[in-house]
Amino acid sequence: MEGKINKQLKKVLKKIVKEAHEPLAVADAKLGGVIKEKLNLSCIHSPVVNELMRGIRSQMDGLIPGVEPREMAAMCLGLAHSLSRYRLKFSADKVDTMIVQAISLLDDLDKELNNYIMRCREWYGWHFPELGKIISDNLTYCKCLQKVGDRKNYASAQLSELLPEEVEAEVKAAAEISMGTEVSEEDICNILHLCTQVIEISEYRTQLYEYLQNRMMAIAPNVTVMVGELVGARLIAHAGSLLNLAKHAASTVQILGAEKALFRALKSRRDTPKYGLIYHASLVGQTSPKHKGKISRMLAAKTVLAIRYDAFGEDSSSAMGVENRAKLEARLRAIEDRGIRKISGTGKALAKAEKYEHKSEVKTYDPSGDSTLPTCSKKRKIEQVDQEDEIIEKKAKKAKVKIKVEVEEKEEQEEEEEEEGVLVVEEQETSVKKKKKKDKKKHIKEEPLSEEEPCTSTAVPSPEKKKKKKKKKGNED
Amino acid sequence: MRVVTVEPHRHEGVFIYRGMEDALVTLNMVPGQSVYGERRVTVNEGGAKVEYRTWNPFRSKLAAAILGGVDQIHIKPKCKVLYLGAASGTTVSHVSDIIGPDGLVYAVEFSHRAGRDLVNVAKSRTNIIPVLEDARHPLKYRMLVGMVDVIFADVAQPDQSRILALNAHTFLRNGGHFLISIKANCIDSTASAEAVFASEVRKLQQENLKPQEQLTLEPYERDHAVVVGVYRPIRSSSKSRSSK
């Protein structure tokens with residue numbers, strides 16, 4: 001084809017033509033020259049030859065017996081396609097349909113896996129419900145199930161590779177006193193089948209993810225470096241192909257995936273979304289929420305460059321992606337730092353950060369919902385409400401002694417609650433008999449309601465801590 | 001409401017769509033697929049749904065020539081066509097529609113970027129044979145192409161007459177026809193369009209390519225002309241020379 005002699009051609013020429021001792025008519029003059037050099041055959045190239053060629057070409061179907069025109073056409077077509085591919089340097093590695101298919105399959109697998117696992121848990125939960133609560137990881141659950149099967153076998157089973165020791169002990173203990181029903185061999189068999197399926201699908205999913213990573217690195221290395229494999233694959237799948245994705249503008253790539261929000265906002269003339277699929281890129285994930293929009297825009301701008309480089313560029317190195325990513329990371333750091341500096345004013349003054357105060361948030365169990373007996377009559381309730389109001393108002397002022405006492409009591413109990421926990425408070429409640437201390441009880445009940453307020457005001461705990469210590473001593477007596 | 005119809009054009013294989021607007025259409029060989037985003041129309045014909053693709057004369061010189069009123073395009077069903085300058089395959093797909101599954105169109109295109117699109121088009125249409133070679137050297141693809149009935153040349157090169165002649169000598173049968181689209185700016189941007197067309201025609205005549213008609217592609221293109229002719233006409237015994 002390129003003016004050189006093929007081995008087969010050489011063979012044919014040697015065999016047939018040398019014996020015939022006649023000059024060879026050649027259509028391509030260059031080829032004729034080469035043949036003459038190598039095989040020492042005399043070649044003719046003239047207009048006469050061309051005419052001959054035309055004649056042969058016209059009568060090709062008739063001259064070669066046994067070959068139907070359809071076959072000839074098919075042969076030509078196949079040959080033409082292979083030659084074109086050779087010309088285009090078509091490499092099967094760079095087909096991006098694989099990526100699109102792989103990522104769709106990954107999503108499908110996840111959905112199916114979730115369904116199967118839920119079903120498995122529910123089904124086996126009839127037999128051994130406690131296992132579901134003890135083991136939260138799905139894969140471990142299935143492996144455990146697969147190993148043991150029926151509840152009776154738990155005592156003798158070796159689960160040390162799957163579970164840490166305490167959990168294993170818990171499981172074995174729960175197996176003894178489980179309240180699930182008995183199930184027959186067949187049922188266990190079926191559950192085990194489902195289990196094996198789940199495990200297989202899980203393993204395949206990890207395999208598929210690795211495959212996807214490899215393909216992404218091979219097809220679009222720069223994009224992989226910039227946004228990661230999953231996000232890159234999703235972008236390509238969303239656009240349809242790498243070439244299609246390359247045709248989009250940077251602003252489009254930024255909000256690819258948020259079309260519903262975009263058009264809704266455009267129709268109602270509100271703010272459009274700031275990020276789409278790009279939100280899940282690691283660079284956007286690691287910034288504070290204030291700067292996510294900015295980073296998403298900058299990342300989209302650099303990513304389209306990477307996309308276009310991968311789609312149309314000749315070499316497949318990721319140097320450009322790495323460079324751009326480094327630039328982006330530097331800019332990200334600059335933005336985060338700048339946030340600490342004051343934006344208004346000279347810009348040289350650092351913004352004042354507030355002093356760190358430990359704000360303890362204690363959420364206690366509200367026991368008022370426990371007992372069905374009425375905890376207090378309506379009269380009392382009104383009193384309570386009044387007291388609550390008083391406490392809230394006057395605590396801020398810190399004026400009267402009576403309230404101070406109440407407040408102090410409250411603080412003590414707060415402290416005690418913090419230290420000892422809810423159960424202890426309840427014990428305190430039950431142990432208290434005097435009416436006076438019943439008031440205290442009510443205070444305790446009120447506290448969960450109004451505790452949010454004392455907790456949030458930062459000034460309150462500090463001055464009363466001193467009084468707490470004194471009163472605590474008194475209480476313990 | 002106007003009834004939407006598709007009626008055959010004078011040229012075999014080409015149709016006219018009469019609906020809200022009139023359009024030139026060809027029968028889609030691969031129903032459901034659009035090659036370059038063109039509009040497709042589906043019409044009920046005797047119970048079955050038939051799909052046609054609209055042919056844009058602003059993008060295709062052949063469509064512009066047909067709408068300009070060329071006498072004969074010579075591209076018919078079951079024809080073998082050699083198309084030089086196939087680009088991304090937009091007009092080639094329409095030629096493929098016209099010639100049908102029994103015909104063959106050899107699409108020659110040198111650019112790799114356009115060639116990629118061409119190969120994609122050829123994947124779904126088996127009567128297109130993609131050839132990614134330089135049309136200046138027909139010997140380079142002599143093993144792929146048989147003898148053809150029509151050559152359509154839209155290469156936009158200064159030596160396009162020579163290219164056409166070389167290909168005709170190698171591949172065009174006796175009595176075969178050719179269509180060449182001449183862009184005056186491409187050949188010689190200083191001379192006037194008519195002068196350029198005349199000189200091109202003379203060059204063709206020297207190579208045994210006898211021109212039969214010439215028409216300009218106004219209003220679709222500026223300073224473009226299409227020349228239709230015959231190669232090595234077969235002298236028939238009867239006086240009237242029928243152009244096939």
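# Chat about cores, salt bridges and helices

Colleague: Starting with chain B, what share of the residues is buried?
Modeller: In this predicted model, buried residues make up 53% of the 244 residues in chain B.

Colleague: How many helices and strands does chain B have?
Modeller: There are 6 helices and 12 strands in chain B.

Colleague: And what's the accessible surface of chain B?
Modeller: About 11100 Å², with 49% of that belonging to carbon and sulfur atoms. On contacts in chain B, if you take those between residues at least 6 apart in sequence, 60% join residues at least 24 apart.

Colleague: OK, cores next. Which residues touch the most other members in the largest nonpolar core?
Modeller: That core has 67 residues, and A:Tyr124, A:Tyr154, A:Val171 and A:Leu299 touch the most other members. Its largest share, 11 residues, comes from helix H10 of chain A, which covers residues 185-219.

Colleague: Where does this core lie relative to domain 2 and domain 3 of chain A?
Modeller: Between them, because domain 2 (95-207) and domain 3 (220-337) of chain A both give residues to the core.

Colleague: What is A:Tyr124 in contact with, leaving aside neighbours within four places in sequence?
Modeller: Its contacts are A:Leu131, A:Tyr141, A:Leu145, A:Gly149, A:Asp150, A:Arg151, A:Tyr154, A:Ile188 and A:Ile191. Apart from the largest core lies another one of 39 residues, including B:Leu104, B:Leu144, B:Ile182 and B:Val201.

Colleague: You've got A:Tyr141 and A:Leu145 in that contact list. Which residues of H8(A) are buried?
Modeller: Those two are on the list, along with A:Thr140, A:Cys142, A:Cys144 and A:Val148.

Colleague: What do the buried residues of H8(A) pack against?
Modeller: They pack against helix H6 (97-127), helix H7 (129-134) and H10 of chain A. Just after H8(A) comes A:Gly149, with a positive phi of about 85°.

Colleague: Switching to charges. How many salt bridges are there over all chains?
Modeller: The count is 21 over all chains. One of them pairs the side chains of A:Glu161 and A:Lys147, at 2.6 Å from N to O.

Colleague: Why does that pair tie together parts 14 residues apart in sequence?
Modeller: Because A:Lys147 is in helix H8 of chain A, while A:Glu161 sits in the loop between helix H8 (138-148) and helix H9 (165-176).

Colleague: Is A:Glu161 buried or exposed?
Modeller: A:Glu161 is exposed, with a relative accessible area of 59%. A:Lys147 is partly exposed, at 44%.

Colleague: What about A:Glu168, which residue does it form a salt bridge with?
Modeller: With A:Lys172, and the closest N and O atoms are 3.2 Å apart. The two are 4 residues apart in helix H9 of chain A, so about one helical turn separates them. In general, an α-helix has 3.6 residues a turn, so residues three or four places apart point the same way.

Colleague: Is A:Glu168 buried or exposed?
Modeller: A:Glu168 counts as buried, at 9% relative accessibility. A:Lys172 counts as partly exposed, at 22%.

Colleague: And in chain B, which residues are linked in a network of salt bridges?
Modeller: B:Glu38, B:Arg53, B:Asp97 and B:Arg125 are linked that way. There's also a salt bridge from B:Arg162 to B:Asp159, with the closest N and O atoms 3.2 Å apart. B:Arg162 counts as partly exposed, at 43% relative accessibility.

Colleague: New topic, the surface. Which residues form a nonpolar patch there?
Modeller: A:Leu52, A:Ile56, A:Leu63 and A:Ile64 do, and together they have about 360 Å² of accessible area. A:Leu63 belongs to helix H4 (residues 60-63) of chain A, and A:Leu63 is exposed, with a relative accessible area of 53%.

Colleague: Last one, A:Gly232. Where is it?
Modeller: In helix H12 (residues 229-239) of chain A. A:Gly232 counts as buried, at 0% relative accessibility. Leaving aside neighbours within four places in sequence, A:Gly232 is in contact with A:Met216, A:Val223 and A:Val227.

Colleague: How far apart are the C-alpha atoms of A:Gly232 and A:Ile278?
Modeller: They are separated by 8.7 Å, with the residues 46 apart along the chain.

Colleague: And A:Thr224, buried or exposed?
Modeller: A:Thr224 is buried, with a relative accessible area of 7%. A:Thr224 lies in helix H11 (residues 221-227) of chain A. Leaving aside neighbours within four places in sequence, A:Thr224 is in contact with A:Met216, A:Met217 and A:Glu229.

Methods. Residues numbered from 1 in each chain as written. Chains lettered and ligands numbered in written order. Predicted model: local features only at pLDDT ≥ 70, side-chain atom pairs only at ≥ 80, totals over all residues. Heavy atoms only, no water. Buried < 20%, exposed > 50% of the residue type's maximum accessible area, 1.4 Å probe, protein only. Contact = heavy atoms within 4.5 Å. Areas by Shrake-Rupley, 256 points an atom, 1.4 Å probe, with all protein chains shown as cover. Core = buried A, V, L, I, M, F, W, Y, C linked by side-chain atoms within 4.5 Å. Domains from an automatic or database assignment. Patch = residues over 30% accessible without salt bridge, like charges linked within 9 Å, V, L, I, M, F, W, Y side chains within 5 Å. Salt bridge = Lys/Arg side-chain N within 4 Å of Asp/Glu carboxyl O.
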